[in-house]
Amino acid sequence: MANSRQRAGDSIAISRRYLDSLLVEGRIVGAAHPSAAVSLFGRAFDTPVMTAALSHLKPGMAAFAEGAKAANAACCVGMGDCAELRAVLDTGASVVKIIKPYANQEEIFSRLACAEEYGAMAVGMDVEHSVNVRDDRDSEVIGQRMKLPTLDELRSYIRATRLPFIVKGALSVRDALACRDLGAAGVILSHHNGLLRWATPPVMLLRDIREAVGPDFLVIADGGIEDGFDAFKALALGADFVSVGRALIPPLETGGPEAMAARIREMTDEIKAMMVRTGSPDVRQIDPSVIHFCPWAADDES
Ligand SMILES: Cc1cc2nc3c(=O)[nH]c(=O)nc-3n(C[C@H](O)[C@H](O)[C@H](O)COP(=O)(O)O)c2cc1C
């Protein structure tokens with residue numbers, strides 16, 4: 001049924017609607033209290049909630065990183081220069097630096113070098129932002145020109161660093177396999193807030209992508225994860241982590257890093273509440289068959 005908040009082709013609304021159409025069966029009999037602890041690139045985290053690669057936040061990106069660190073969550077950060085990255089890493093957060101697909105490749109190589117030198121945990125690129133909503137050859141992001149990387153260019157970025165490299169913006173089995181074959185450590189499934197209109201919700205693709213790439217390739221689900229219940233659904237369907245962006249901005253802006261950390265902890269508790277009731281002992285052992293698609297579940301009561 002048509003939904004008034006769903007404008008045609010609005011991928012954010014479509015993803016919301018899809019998440020709301022997923023229902024969870026209960027498997028409480030014999031269940032034990034679960035653990036939400038996870039590890040990534042040899043580091044231990046208290047939660048599979050990772051911050052999304054945000055940028056230009058009002059309280060500053062260092063405050064954002066402090067929030068992630070206080071919750072012992074992995075911290076993706078987006079567009080920004082080396083000085084900002086140093087401030088972010090000075091907080092002690094475990095940082096994945098997502099670099100823009102700049103037309104000027106020197107901008108890319110210099111950020112890769114800074115990330116390595118300053119101690120980032122991993123790097124990546126949001127290839128989905130190399131073009132805007134239209135096929136704009138002179139795509140700009142905040143005054144800087146972007147360019148679609150060729151496969152050879154992407155491979156050269158992956159090889160230019162000793163750090164694990166994550167490709168953000170894969171949104172198909174084909175792209176996930178291509179990234180794995182190029183030597184990437186993982187992918188962030190994302191339509192970047194609707195840059196691709198009529199996008200398949202990232203969570204809709206998870207089962208197929210997980211099956212195609214196997215258990216050891218890092219898969220992160222991004223886009224519209226608003227609470228721990230959304231996060232649980234993504235984790236159950238095969239994500240190793242969920243990337244949460246907009247849902248963390250209000251607490252950060254109003255209450256600073258501690259309020260942001262509190263929201264991450266709350267989301268983690270919501271994940272654990274779902275885990276215990278589905279007989280899922282840890283994040284890696286959630287049975288995807290607990291999730292059921294219910295086409296009418298997302299309809300408004302009106
Ligand atoms: C304020 C803001 C800044 C963002 N900056 C970046 C960026 O620099 N690099 C990037 O890859 N994505 C950036 N994103 C996109 C997010 O990483 C993420 O893909 C998107 O917001 C969807 O996740 P969400 O629904 O949890 O917010 C930004 C999003 C917001 C809201």
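1. Let's start in the middle of things, with strand β6, residues 95-99. Five of its five residues are buried, so the strand is largely enclosed by the rest of the structure. Look at the two sides in turn: V95, K97 and I99 are buried on one side, and V96 and I98 are buried on the other. That split makes sense if you remember that side chains in a regular strand alternate between the two faces of the sheet. Keep in mind throughout that this is a predicted model.

2. Who sits beside β6? One partner is strand β5, residues 75-77, which pairs with β6 in the parallel sense over three bridges. If you want a spot to click on, V77 stands opposite K97 in β6. To get from one strand to the other, follow helix α3 (residues 82-90): β5, α3 and β6 make a right-handed β-α-β unit.

3. Strand β7, residues 122-126, is another partner. Four bridges join β7 to β6, and these two strands also run parallel. Here the pair to look for is V96 opposite A122 in β7. The chain gets across from β6 to β7 through helix α4 (residues 105-118), and this β-α-β crossover is right-handed.

4. Now zoom out. The protein chain has nine helices and 14 strands. Its radius of gyration is 19 Å, close to the 19 Å that the globule rule gives for 302 residues, so the chain is as compact as a globular protein of that length. Along its principal axes, the C-alpha trace spans about 55 × 40 × 40 Å. Of the 302 residues, 46% count as buried.

5. How much do contacts join residues at least 24 apart in sequence? Take the contacts between residues at least 6 apart in sequence: 69% of them join residues at least 24 apart.

6. Next, the ligand. There are 21 residues around it, and S55, G78, M79, D126 and G245 come nearest. Which strand gives the most to this shell? Strand β4 (residues 49-54) does, with three residues. Sorted by class, the shell has eight nonpolar, nine polar and four charged residues.

7. V244 is worth a visit too. V244 lies in strand β13, residues 241-244. Is V244 buried or exposed? It has 28 C-beta neighbours inside 10 Å, so V244 counts as buried. Leaving aside neighbours within four places in sequence, V244 is in contact with V49, T51, A52 and I225. For a sense of distance, the C-alpha atoms of V244 and K100 are separated by 19 Å, and the two residues are 144 apart along the chain.

8. Helix α8, residues 228-236, is mostly covered, with eight of its nine residues buried. The buried ones are G228, D230, A231, F232, K233, A234, L235 and A236, so have a look at D230 and K233, which are on that list. Just after α8, G238 takes a positive phi of about 130°.

9. Speaking of phi, most residues other than glycine have a negative value. Two residues in the loop between β11 and α7 are worth checking against that. N193 is not a glycine, yet has a positive phi of about 55°, and this residue lies in the loop between β11 (186-189) and α7 (202-213). W198 is found in that loop as well, and its phi is near 55°, again positive in a residue other than glycine. What about their surroundings? N193 has 15 other C-beta atoms within 10 Å and is partly exposed. W198 has 11 C-beta neighbours inside 10 Å, so W198 counts as exposed.

10. Last stop: L148, in the loop between β9 (144-145) and α5 (151-159). With 14 C-beta neighbours inside 10 Å, L148 counts as partly exposed. Not counting residues up to four places away in sequence, L148 touches S130 and V131. L148 and E128 are 20 residues apart in sequence, and their C-alpha atoms are 8.6 Å apart in space.

Definitions and conventions:
Residues are numbered from 1 along each chain as its sequence is written. This is a predicted model: local features need pLDDT of at least 70, side-chain atom pairs count only at pLDDT 80 or more; totals for chains, interfaces and linings use all residues. The radius of gyration is taken over C-alpha atoms; the globule rule is 2.2 Å times the number of residues to the power 0.38. A residue is buried if 20 or more other C-beta atoms lie within 10 Å of its own, exposed if 12 or fewer, and partly exposed in between; C-beta atoms are placed from the backbone. Two residues are in contact if their C-beta atoms, placed from the backbone, lie within 7 Å. Two strands pair if DSSP finds at least two bridges between them. A crossover is right-handed if, with the strands pointing away from the viewer, the path from the first strand over the helix to the second runs clockwise. A residue is near a molecule or strand if its C-beta atom, placed from the backbone, lies within 6 Å of it. Ala, Val, Leu, Ile, Met, Phe, Trp, Tyr, Cys and Pro count as nonpolar, Asp, Glu, Lys and Arg as charged, and the others, Gly among them, as polar.
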